[in-house]
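Dear colleague,

Please find the structure below, handed over for your reading. My notes on what was found in it follow directly after.

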Number of protein chains: 4
Amino acid sequence: MVKTIQDDPGLSPYALRQSLLDTYSRVRHFSEQLCTPLVTEDYVIQSMPDVSPTRWHLAHTSWFFETFLLEPNLPDYVSPHPQYAFLFNSYYNSIGERHCRPKRGLISRPTVQEIYGYRQYVDTSISSFLTTCDEETLQKVAPVLTLGIHHEQQHQELMVTDIKHVLSCNPLHPVYQEQAMQPAKQLPALGWISYPEKLAWIGYNQDGFSYDNEGPYHREFVDAYQLGSRLITNGEYLQFIKDGGYQNPLLWLSSGWSTVQTEQWQAPLYWEMHDGNWMTMTLSGLRPIEPAEPVCHVSYYEADAYARWADARLATEAEWELAARQLPVEGNFVENKKFHPVPLTASTTPEKPAQMYGDVWEWTQSAYLPYRGYKPAAGALGEYNGKFMCNQFVLRGGSCATSVTHIRPTYRNFFPPDARWQFTGIRLAREV
Amino acid sequence: MVKTIQDDPGLSPYALRQSLLDTYSRVRHFSEQLCTPLVTEDYVIQSMPDVSPTRWHLAHTSWFFETFLLEPNLPDYVSPHPQYAFLFNSYYNSIGERHCRPKRGLISRPTVQEIYGYRQYVDTSISSFLTTCDEETLQKVAPVLTLGIHHEQQHQELMVTDIKHVLSCNPLHPVYQEQAMQPAKQLPALGWISYPEKLAWIGYNQDGFSYDNEGPYHREFVDAYQLGSRLITNGEYLQFIKDGGYQNPLLWLSSGWSTVQTEQWQAPLYWEMHDGNWMTMTLSGLRPIEPAEPVCHVSYYEADAYARWADARLATEAEWELAARQLPVEGNFVENKKFHPVPLTASTTPEKPAQMYGDVWEWTQSAYLPYRGYKPAAGALGEYNGKFMCNQFVLRGGSCATSVTHIRPTYRNFFPPDARWQFTGIRLAREV
Amino acid sequence: MVKTIQDDPGLSPYALRQSLLDTYSRVRHFSEQLCTPLVTEDYVIQSMPDVSPTRWHLAHTSWFFETFLLEPNLPDYVSPHPQYAFLFNSYYNSIGERHCRPKRGLISRPTVQEIYGYRQYVDTSISSFLTTCDEETLQKVAPVLTLGIHHEQQHQELMVTDIKHVLSCNPLHPVYQEQAMQPAKQLPALGWISYPEKLAWIGYNQDGFSYDNEGPYHREFVDAYQLGSRLITNGEYLQFIKDGGYQNPLLWLSSGWSTVQTEQWQAPLYWEMHDGNWMTMTLSGLRPIEPAEPVCHVSYYEADAYARWADARLATEAEWELAARQLPVEGNFVENKKFHPVPLTASTTPEKPAQMYGDVWEWTQSAYLPYRGYKPAAGALGEYNGKFMCNQFVLRGGSCATSVTHIRPTYRNFFPPDARWQFTGIRLAREV
Amino acid sequence: MVKTIQDDPGLSPYALRQSLLDTYSRVRHFSEQLCTPLVTEDYVIQSMPDVSPTRWHLAHTSWFFETFLLEPNLPDYVSPHPQYAFLFNSYYNSIGERHCRPKRGLISRPTVQEIYGYRQYVDTSISSFLTTCDEETLQKVAPVLTLGIHHEQQHQELMVTDIKHVLSCNPLHPVYQEQAMQPAKQLPALGWISYPEKLAWIGYNQDGFSYDNEGPYHREFVDAYQLGSRLITNGEYLQFIKDGGYQNPLLWLSSGWSTVQTEQWQAPLYWEMHDGNWMTMTLSGLRPIEPAEPVCHVSYYEADAYARWADARLATEAEWELAARQLPVEGNFVENKKFHPVPLTASTTPEKPAQMYGDVWEWTQSAYLPYRGYKPAAGALGEYNGKFMCNQFVLRGGSCATSVTHIRPTYRNFFPPDARWQFTGIRLAREV
């Protein structure tokens, strides 16, 4: 599952040990920082089957390090709570039975405090292990540790989106973090960047960490295409709504239209009409819609319908990747602590697409399928990306809930076409 | 809805004021005592639609006093949290919109601590009001206060049964209260007490408090009958199970049989087979089945099927009431803090039925319907017992989760025939 | 299950034989007459789980005679289609496995013609058997034959109501039988007939046929009451609709209100608004609502809500029976071939309630429960009325789809409170 | 939607007219031939939402010609049954309201005979129109007529698979067509055919008819690969079953595994275990499994799991198309009237894959998505292939229920990954 250990494979043994210790400690700590605004009650709730309680995320990521690193490598390691394995395994059928996913919100114990205790026990064990193990062991465990760190970062993103969903169920609109609204910017017009046809190499081929689904590195033929110069905004999406977008079946995929009707969708998730004005629930409370902000919390169905309405289409993941890998990984990530997409800042280089990283995950029109020659890793750690390669679409670029150190041009995120609770948005593409 | 104010209508004004203050304070305090063993996380969970989170019970009962007593009678009363009315109204359509019942578990705020603050605010307001109001006002509000107190006691019973259900969802079997198993007693044989035919007056006709559904006092003709001398035990119910009771459709009502199959019932709720032995989840943790204990957590369907298997039937509510009103209201109630039915104590008077009060609610074969001439009280407080008079069966006698001051011979509890999470059991009856 | 053989137990052996032969042949023939207007396609469809295809009714009633009469009594009887037992058993668990009820509409073979062949084979076998058997055998089988005949009549009623439901699913509104609308009559005002209190004997105690659930004959105390002099009409029900009856939760039972909202009920079943006017689907096609006709196709919930709105209540089944047994069994029955309730004819005797029999089944407020001392018959034939004694309400008096020879003052029909596809209507009652 | 009119665009006007008349008449007649074995009752049933009643197929295809050809081109055309438009429109939102798909089986009228009458009316109108219209009109309507003919052929395939499903619901296992079992052949071993890497042109680029989703003609890069020399057989699939294939979650996609558990799949659709032996329902009745036959009625989930178990994978649609377009379109098609896949005939050319056409549709691992540059045709006829491009997988090659004149190397069929009622099977692929 893990190609190589570290972003810089040329590290000295000492520097490698330090780097692992630092990264581990920094990332683990960040999970807890994200919980600072929470009260105990917030940690418990599972507001829909896709959402996990925060206490579950905190425990599951610790269980991951315990199961895949401590237990195989520390012969005298004793889990303080062996019964947690049943509760906090997510989907590794090969690791043993597990508690049913939709029932994660029915469990009140271990308490939040006990889970923090468990985290600390695991953290102490890992630190001690990393500090004292011999070099050979260090080399051996580095890939798994690195994987665990990225796994933790994935769950950090879910913690942000899940807690947003939990709070949104409360009619009192609780605030996670007070924050002034971003003042509106002069929005640059939507332009088009052109790319020539190419028999391209796609996927990850470097020395650092990547998930197994980003490879193998392989060739695809990509025709000439154009990419929108920035993300679609709330203001543009409001035009689609006003034009009857949600009432016109000809704009929608068949299963999308039936979802619109069954779920009575009228707007993106979290939008609420108050006295004739659209408002939206954010992690800073209920706010008016800001037209210049990237539209967010739309499903693939909505992104696809919008693109059809706009006489364009979504990009393929290869098209997106070719454009993105020429750009630095910069943007509005979770480290910004905005927890919300922001309007495009004033002057942008017109020849390069803006907002490719951060803000919102960009739906592509590519179904999530294995790259040519893909084989999952052997063992439990391989039971991961491959089994979801069905009825999902690829998203690229990360969001305001993603860590900047977690994202890459080749990173393939994926969700079913009706999912909306992630920070997901729209970039258009078209033929030349 | 409330016939008269107090159990003793001949109280002096001073004594009435003291009695109301004392009862209010004692009953309200008991709700909080029941929560002593809980951690914050336990208060939040709604483990199925019938269950409410403990924090909801604590807030809802306070909202009841605020809405029906403080707001109508204290012109300058200001609710500290007017928005709670939406969250903590249960089903009073006439009082305004309310939060959807199955979503009570999706709300993390107000926090448990804030709810305790709200309770305290309401309690202080009520105490101050009761202490200072004039006598006329006191007379006027006494019935509503009394109703609120009984309402609180009803929710205390639900708190016990709901928290039992919440904890039962946890594979770690958490303990609410450590408690040694009751040592088994010499169980008296099941005998039969005979009652002659009678044109009887049924229902409440005294001066104390009762619910509106216990009246009007009216006549019913009751043929001669016999009542089982005690409750059916786990040991007896195990015979039914071993005899294939759950596999034989001829023993069951048609809808009961289809529930058995859909829900895959094999035994009462909370029973689990471990290594070939039946265990049961209790509020004191997982324990082996005690044969002498009254069987508990059975549905009407199971009670009815058991009775058919035993060549008997369940009693009608009139039969039960005629027998019960000759007996003192004594038994294993919530004040005992067993939170579980107990085996019948040694010597019992053979000519009187034992265990009529407390331990478990006894299913009757009477559908829950209005007594002749029943009219609900006017206004919101009348929106209560009458609207549930459909597809439910009457239960009598109270349980180990009921307060002794809450029960009466005429008390009519009711649940749908498939409900099992209350402490519900079986007493047999038959023709002479 | 069957008390005695025949309406007149004093028949000579010869007359008994003739009477059985005649009745059998007449009733069996009537089932086929009811099918005259059908095309083959109509026989096949099951439009909802409660409905059975007409071909199923025709086969099931024949299977009943084969299974309970021919096979036990004719040692050399050979079923032409032994495999039909699986397809056409309805719910007799004791007779063996059976085809799942909601899947009756998924079976195209045996064809309608083959089923008519099967009926004829059974009829010929029965006739030959009845003609040739000795007197002792005749006495023995007479009760089962009589039961089979009444069973056939029950299914005739279902054939009428089921085919109405099937045709109602067709947007083309097909007509079963052309029929001019009954011209409107001068409708007598709704009056009230008074009955004194009484310790009454209730249930069947005569020598003719009755179902087991009509006994035992037993005593009930009935307080003084009044009964509405006629059925509630469409015109009166329209007032309820216009007064916001379907929008006011305070008028409804709790489960009724939730049904109104889930099912979006706005009017009785089969009512459709066309250009601002209420129309109704009938077996003679789509027609305007006739105000003087008895309202029809209402559920218990609607009958109960209407009664509450009208400041009255529904009768108990004992109240209904005491009034009805003083009246001749006359009215608008299926023999009239109207297949629809008709307005009350001009002059009625004001001191007697009109329309007690025929037109529409009258919902009572009595839950369908066993009479004191009720025991189902032993064997498969007892697996019938008793198993449905849960979550159903009793209806009395028969309808325009019932045979006049099938109904009695003591006859207890029963349906769940949300059932509407039978011809069901409203008579009010109240305290004196 | 239609590229060109006819397979041979060089036809003379006279020959074109003749060819259209002949093809129309032949294809329309074949639909009726397929119904010869049916009784009226068979035409009525919709055994699951995916299935349509045969009478619906017969009417819908006629409605298609009426709506898209007769009404726009014959100014004085009068539909004999204008109300059929509501009943027999399938999913053309732009054409007007339509009857809800899952309710097609609730409608008994128009009768089968009336629908045949309707067909005949449409056929007569079309023939007369084609015979008499001028050449310019003929040129104009030829594409729509051709489309209608191919549309009819698609529904012919559905008629076969839907009637198989309907008959399979009948526990009596009715036979559609008696047919001796194909005697088992000497099965050639499974070999592998290699194909080199290629920047290939994919899609339809010829002059004949094709669906819009087969284009645009475009380039894709295809790596070197190998294709299985024949279809996977029942015998091979039985090995997968015996090896615990249906019990091992590691072999399945996540949503596939959850389908296996929810639906309790143990084998392909229509397989039934009788006395320890697998049997299968066919259109010639219940038969033992023939090991040499291609396995059939498997879902994508099963095809994918089988391939993983066999250490191979499914082909992409481009890989399949490159191999197939070198082969003649020959195989076991519906014209054979086997209505079932047949074992591979003895000597096959080892260097070419066998059974590429006919027998069973071959699941590919390609999600059904638009080809680069795809735009649906304008107007109602374009509301077709594009709207289903989500959560479906592509199948190639046609089946024993497909017409030989309907299939092409570029033909893209598609179904959701859990669909099993079509004749769908497995061909393996792998990297070189």
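**A buried loop residue in chain B**

B:Asn170 is placed in the loop that runs between helix 5 and strand 1 (192-195) of chain B. Please bear in mind throughout that this is a predicted model. With a relative accessibility of 1%, B:Asn170 counts as buried. Leaving aside residues up to four places away in sequence, B:Asn170 touches A:Ile107, A:Ser108 and A:Arg109. B:Pro370, by contrast, is 200 residues from B:Asn170 along the chain, and the two C-alpha atoms are separated by 40 Å.

**Chain B against chain A**

The contacts of B:Asn170 lead to the interface with chain A. Here 30 residues of chain B and 30 residues of chain A take part in the contact. Together the two chains bury about 2300 Å², with 66% of that area on carbon and sulfur atoms. On the side of chain B, the residues that lose the most area to chain A are B:Glu41, B:Leu106 and B:Arg109, which together account for 30% of what that side buries.

Two salt bridges are counted between chain B and chain A. A:Arg109, already named as a contact of B:Asn170, forms a salt bridge with B:Asp42, with the closest N and O atoms 2.6 Å apart. Eight residue pairs in polar contact are also found across this interface, both residues being at pLDDT 80 or more. Helix 3 (84-88), helix 4 (112-132) and helix 5 (135-168) of chain B each supply at least two residues of the side that touches chain A. By class, that side of chain B divides into 17 nonpolar, 10 polar and three charged residues.

**Chain A against chain D**

How are chains A and D related? Chain A can be laid on chain D by a turn of 180 degrees and a shift of 0.0 Å along the axis, with an RMSD of 0.0 Å. The two copies are thus related as by a two-fold rotation axis. In chain A, the C-alpha nearest that axis belongs to A:Asn391, at 2.3 Å from it. Of the interface residues of chain A, 100% are also interface residues in chain D, so the copies meet through the same surface.

In this interface 37 residues of chain A are in contact with 37 residues of chain D. The area buried between them is about 2900 Å², and carbon and sulfur atoms give 55% of it. A:Arg219, A:Phe221 and A:Arg372 lose the most area to chain D within chain A, together 22% of what that side buries.

The count of salt bridges between chain A and chain D is 10. One of the residues just named, A:Arg372, meets D:Glu431 through their side chains in a salt bridge (2.9 Å, N to O). There are also 11 residue pairs in polar contact between these chains, both residues being at pLDDT 80 or more. Strand 3 (218-222), helix 7 (254-263) and strand 9 (361-367) of chain A each supply at least two residues of the side that touches chain D. That side of chain A has 18 nonpolar, nine polar and 10 charged residues.

**Salt bridges within chains**

Over all chains, a search of the whole structure finds 84 salt bridges. In chain C, C:Asp123 forms one with C:Arg28, the closest N and O atoms being 2.7 Å apart. C:Asp123 lies in helix 4 (residues 112-132) and C:Arg28 in helix 1 (residues 13-34) of chain C, so the pair ties together parts that are 95 residues apart in sequence. Both C:Asp123 and C:Arg28 are buried.

In chain D, D:Arg412 forms a salt bridge with D:Glu317, with 2.8 Å between the closest N and O atoms. This pair links distant parts of the chain, 95 residues apart: D:Arg412 is in the loop between strand 10 (393-396) and strand 11 (413-415), and D:Glu317 is in helix 9 (residues 317-324). D:Arg412 is buried, with a relative accessible area of 3%, and D:Glu317 also counts as buried, at 8% relative accessibility.

A further salt bridge in chain D joins D:Glu362 and D:Arg427, whose closest N and O atoms are 2.7 Å apart. Both D:Glu362 and D:Arg427 are buried. Finally, salt bridges that share partners join A:Glu197, A:Asp223, A:Arg313, A:Glu319, A:Glu431, D:Arg219 and D:Arg372 into one network.

With kind regards

Key
Residues are numbered from 1 along each chain as its sequence is written. Chains are lettered from A and ligands numbered from 1 in the order in which they are written. This is a predicted model: local features need pLDDT of at least 70, side-chain atom pairs count only at pLDDT 80 or more; totals for chains, interfaces and linings use all residues. Side-chain values use heavy atoms; hydrogens and water are left out. Copies are superposed by least squares on the C-alpha atoms of residues with pLDDT of at least 70 in both. Contact means heavy atoms within 4.5 Å. Buried area is the accessible area (1.4 Å probe) that two parts lose on being put together, summed over both. A salt bridge is a side-chain nitrogen of Lys or Arg within 4 Å of a carboxyl oxygen of Asp or Glu. A polar contact is a pair of N or O atoms within 3.5 Å; within protein, one must be able to donate a hydrogen and the other to accept it, and residues adjacent in sequence count only if both atoms are side-chain atoms. Helices (H or I, at least four residues) and strands (E, at least two) are DSSP runs, numbered from the N terminus. Ala, Val, Leu, Ile, Met, Phe, Trp, Tyr, Cys and Pro count as nonpolar, Asp, Glu, Lys and Arg as charged, and the others, Gly among them, as polar. Buried means under 20% relative accessible area, exposed over 50%, partly exposed in between (1.4 Å probe, protein chains only).
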